[in-house]
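Student: I would like to learn how to read side-chain interactions from a set of coordinates. Can we work through one case together?

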Amino acid sequence: MTGSASGLESPAEDLLKVQDLLVHFPVKVPLIQRLISREKVVVHAVDGVSFSLKRGEILGLVGESGCGKTTVGRTIVRLLEPTSGRIIFEGRDISHLSQSKLRPLRRRMQIIFQDPHASLNPAMTIGRAIGHPLQIHGIVRDAEEVRQSVLDIMREVGLTPEDQLFDKYPGDLSGGQKQRAVIARAMILEPRLLVVDEGVAMLDMSVRAKVLELILNLKRRHGLTYLFITHDLATAKFLCDRIAIMYLGRVVELGPAASIYAEPKHPYTQALLQVIPTPDPDKRRKKILPRGEVPDAIHPPAGCRFHPRCQSVLPTCGWEGRDFIDLLDEHLSTSPKGVEDDELLGSIGEWWAEGFEAGRKTDAKDPKKLVERVKEILAKAPPAMAQAVQSVEAKGEFVIVQFRTPDKLVHTAVADRTVECLLYQ
Amino acid sequence: MIQTNTDSFLLKAHDFTVHYKTRRGEAHALDEISLEIAQGETLGVVGETGSGKSTLAKAVLGVLPPNATVSGQIIYHGSDLTHLNDDTLRRIRGKEIALIFQDPMTRLNPLMTIEDHFLEEIQAHESISVEEARSRAREALVSMGIHESRIRNYPHEFSGGMRQRIMIALALVLKPFLLVADEPTTSLDVIVESQILEILQDLRRVYKMSLLLITHNLGIVAEVCDRVAVLYAGKLAELGPVRDIFHRPIHPYTRALLSSVISLETKELHSIEGSPPDLLIPPSGCRFHPRCPYAQSICKENVPPLVEYRPGHFAACHFGDTFL
Amino acid sequence: MKAKHSDPKRASSLPEIPLPFLGRLIHPLIRERRSLAGALSWMGLGILFFFIFIAVFAPLLVPFSQTQPFASPVLQAPSLQHLMGTDNVGRDVLSRVIWGARTSLEIMAIGVLIALAVGFPVGLLSGYVGGKIDRLLVLIMDSIYAFPGLLLAALIAAVIGRGVFNIGIAITVIYIPLYFRVTRSQTLSVREEPYVEAARALGAKSHTVMFSYIAHSAIIAIPVIFSLSSADAILTAAGLSYLGLGLEVDTPGDWGRDLSDAQSFIGVGIWWMSVFPGLMIVILTVGLSFLGEGLNDIINPILRKERS
């Protein structure tokens, strides 16, 4: 690791650079299972994320819950350990810096969490909580000086009347006031980078606007750089200069906010934008919703992770054995049960899927019949999926459905942004 | 568009008031609310934290906490819900008026299979055979797009969106007349939220069910509601057809609330000065007056009456005429 | 109450108490004084303070300062001169009961305070650090905890000998695991709170996080345990004395030993030797239990509120 490789590798205007960040969490597996199988079970929370943040800009990290956006935010400020990849802050690789070496850096990068109430120690007065960072870092030692700085910052974030609120406990404050206190506590260290993780999601509408205004004002006055993590596309559009859309641990689209909203490229971005409720009863419309929900991140889908739900999916997007099992499941649950059909296909539990294969052990009487039946079912599948099937064959006592290997997915520059989608490759 | 027709209402609250006794005094959670829900209509109740919207939901279901004192009436099918005994209420609850919660796990018992949940719900209200109950349960589950083979699974084996759909299926298995949905999609992602809202709308069409949708999300209200009630600090500020509320709001609070919504079209931010009042000592007169830019001395002194400014469009503001 | 609502915005109008911990304890005690839990706590506190008063001013309160045997006639029934009578060796029972309060409270204080001083920080550390250290500590503490308390104390007392301080130490060993367990489980739940993570993000060192952020929350459960274990300590100390493992014979007052001495006289109608010391043990332990149970009811809702 090069500890202080400065200047050379990142241009001066990049405050933060994240390269191929991977954060995997081990899953607790029962002992017996661990003895049987060596396979390591991990959650692929963040699976290869890269972006950079210019000084003074607001980058929005947008996605649904479980997409890894919060993990990215926490890993950047090193509350979580990256599995691999690099985090370069002010030209310095901090991805594996020890906590003690990191401590002085924490003055310059701060994080604000979603729940302002839970972020404040219920046993500390507001004044003490806000001033505490100064003491932690030994910046100001004189109690009166601390008090003055705290009162100043309280005024700046609009936590007034500051001398009255100074001695209050968090329980005495409203939600908006608490979030201001949390912002003040972060701002008192004069950070360069502020990670805001769903910072306004829990606030009432009428208060939310004020806190957003505060965020913008602080940026203007202090030249702050923000990583704004949110699931709310409307807020992100208003606030952010650039947006990164995340899905299941990957950034699928990244570019200037205005153009992403004007013309979303990735099918997932398109789907997300389409479902935002419009506060106008005259603009009700039928939406085309992606099917199902976000799959779990222990076994993310092959190829493009959005492919099982995508409206514009191609045969090369990553169809695999599991998708066939899902198709079969749907078929078995929706079709009126013909006994013959059932006998032929068997129950869903008799099928296995591994990688790009799915199969079932047959009773060997007439595997050809099963092959034909599978082909019939595939004919009713989405065309992209059907086309992705390389072969349906009887091999010995097995019937195997083989999918083609997907095309390699890379981030592609499209106009002013990068998209990770085969449609644009 | 469903017009307010006082004859066909399913549920009607009249001067309905709920106060909570707390250690620090009496909290005015709801004060003299009058509104009604027609057969097959969706009424949206919007308001911020402390507006009393959740209290309204609890009152309709008859599950107010013991420290609540109630006055006024909630008329349902000719009888006053506030005067019914617990047994009668229990019979109505679930069978005729059902609830879906914000967090499905508060309703689903982790130790019971989905089938057990259904059987319990059905057999609490109807005396039918277990076989029949089972088939009703399967039917309800399938109508929510969940494969019947999963009926023996436990709640934790489902994703968040599926749990919410199971909850809706549970609420609907007895084909209630009124469904009360308290922030039904708040804990869900936007795409799943849209899926759930679509399901709710479809159901309404099929079963002609009424829906009381309680939410802080004005976008959702605009998309699914027929009429909207705006609550502020326990008082009804405005009530009217969804188009009127969104396009021609009267009450300054409604106008401020609408302009504070951040949507894709937002160009500049608007917020409401001040913070919501303490319900233990609500402001005199119009409760919004300390935050209202148009407040005059009358607003401080007199409680504004709810006036019908347009057909079906009510507002409680002394200067309602000037905002028409 | 009403008159105090001078600040119209915030109705919580009790005086600010600078020490956050005491404030969090005393405010609810004042606020809840009319509830059952509040009444219990105040009653318990009253009893405790009564005994503390007696213990502190024992030399001034005792009617007979001499504790030598045969200073008075033996086995006299309660009379104006000897309000609680005299025992089989001619000592004034009232004087022994008053001195006994001092001895009991001393043992209790030594035992429980040391248990707190050891159990709390170790529990905090164990819960916060986790891993192998935590496992080892839990193993040790659990094995101590699994041992019957009186037996363990008797064992230790037999080894280290008699005396107020030694008995205090013997008792401490029983309660260290209790404080450890309570503190550790509190720490474990608080450790995951966002405000603790926020403190780490602010750059706070481990000990700052532990003491400024976690200890504050973990300590709130201590008063309850403190009261209950004190009650238990009184009983254990009396038990040790009763078994003859307690204090020196010439201790001016020892409830447990007096009970033990009185045992053979109950049958012949000499009730005063046993009833008075016995009553003292009962009143003090019941008082401390009241305090503990009352505080538990008052503090736990606060804990719950702070969590939510």
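Student: Which residues are linked with Glu115(B) in a network of salt bridges?

Tutor: Bear in mind that this is a predicted model. As for the general idea, side chains of opposite charge can pair when their charged atoms come close. Here, salt bridges join Glu115(B), Glu131(B), Arg134(B) and Arg152(B) into a network. Within that network, Glu115(B) bridges to Arg134(B), with the closest N and O atoms 2.6 Å apart. Glu115(B) belongs to helix α3 (residues 114-125) of chain B and Arg134(B) to helix α4 (residues 130-143) of chain B, so this pair ties together parts that are 19 residues apart in sequence.

Student: Is Glu115(B) buried or exposed?

Tutor: Glu115(B) has a relative accessible area of 3%, so it is buried. Its partner Arg134(B) is partly exposed, at 22%.

Student: How many salt bridges does the whole structure hold?

Tutor: The search finds 43 over all chains. One of them joins Glu376(A) to Arg373(A), where the closest N and O atoms are 2.8 Å apart. Both residues sit in helix α14 (residues 367-379) of chain A, three residues apart, which is about one turn of the helix. Glu376(A) is partly exposed at 47% relative accessibility, whereas Arg373(A) is buried at 14%. In chain C, Arg91(C) and Asp87(C) form a salt bridge with an N to O distance of 3.0 Å. Both Arg91(C) and Asp87(C) are buried.

Student: What is the nearest side chain of opposite charge to Glu238(B), and how far away is it?

Tutor: That side chain is Arg310(B), 6.1 Å away. A salt bridge needs the nitrogen within 4 Å of the carboxyl oxygen, so this distance does not qualify. Glu238(B) is therefore a case to read with care under the cut-off of under 20% for burial: the residue is buried yet has no salt bridge.

Student: Where is Glu238(B), and which polar partners does its side chain have?

Tutor: Glu238(B) is located in strand β10 (residues 235-241) of chain B. Its side chain makes a polar contact with the side chain of Thr254(B) at 2.7 Å. A polar atom of the Glu238(B) side chain also lies 2.8 Å from the backbone nitrogen of Ile250(B). Leaving out residues up to four places away in sequence, Glu238(B) touches several others, including Val228(B), Ile245(B), Arg248(B), His251(B), His313(B) and Phe314(B).

Student: How many aromatic pairs are there over all chains?

Tutor: There are 14. Take Tyr247(A) and Phe306(A): their ring centres are 5.1 Å apart and their planes stand at 80°, so the pair is edge-to-face. Tyr247(A) lies in strand β9 (residues 242-247) of chain A, and Phe306(A) in the loop between α11 (267-275) and α12 (321-334) of chain A, so the pair ties together parts that are 59 residues apart in sequence. Tyr247(A) is buried, at 2% relative accessibility, and Phe306(A) is buried at 2%. Ring pairs also bring in Tyr268(A), which forms a cluster with Tyr247(A) and Phe306(A).

Student: Where does the charged end of Arg147(A) sit?

Tutor: The charged end of Arg147(A) is over the ring of Phe166(A), 4.3 Å from the ring centre. In chain C, Arg181(C) lies over the face of Tyr145(C), at 4.2 Å from the centre of that ring.

How values were computed:
Residues are numbered from 1 along each chain as its sequence is written. Chains are lettered from A and ligands numbered from 1 in the order in which they are written. This is a predicted model: local features need pLDDT of at least 70, side-chain atom pairs count only at pLDDT 80 or more; totals for chains, interfaces and linings use all residues. Side-chain values use heavy atoms; hydrogens and water are left out. Helices (H or I, at least four residues) and strands (E, at least two) are DSSP runs, numbered from the N terminus. Buried means under 20% relative accessible area, exposed over 50%, partly exposed in between (1.4 Å probe, protein chains only). Lys and Arg count as positive and Asp and Glu as negative; His and the chain ends are not counted. A polar contact is a pair of N or O atoms within 3.5 Å; within protein, one must be able to donate a hydrogen and the other to accept it, and residues adjacent in sequence count only if both atoms are side-chain atoms. Contact means heavy atoms within 4.5 Å. Rings of Phe, Tyr and Trp (its six-membered ring) pair if their centres lie within 6.5 Å; planes under 30 degrees apart count as stacked, over 60 as edge-to-face and the rest as tilted. A charge sits over a ring if NZ of Lys or CZ of Arg is within 6 Å of the ring centre and within 35 degrees of the ring normal.
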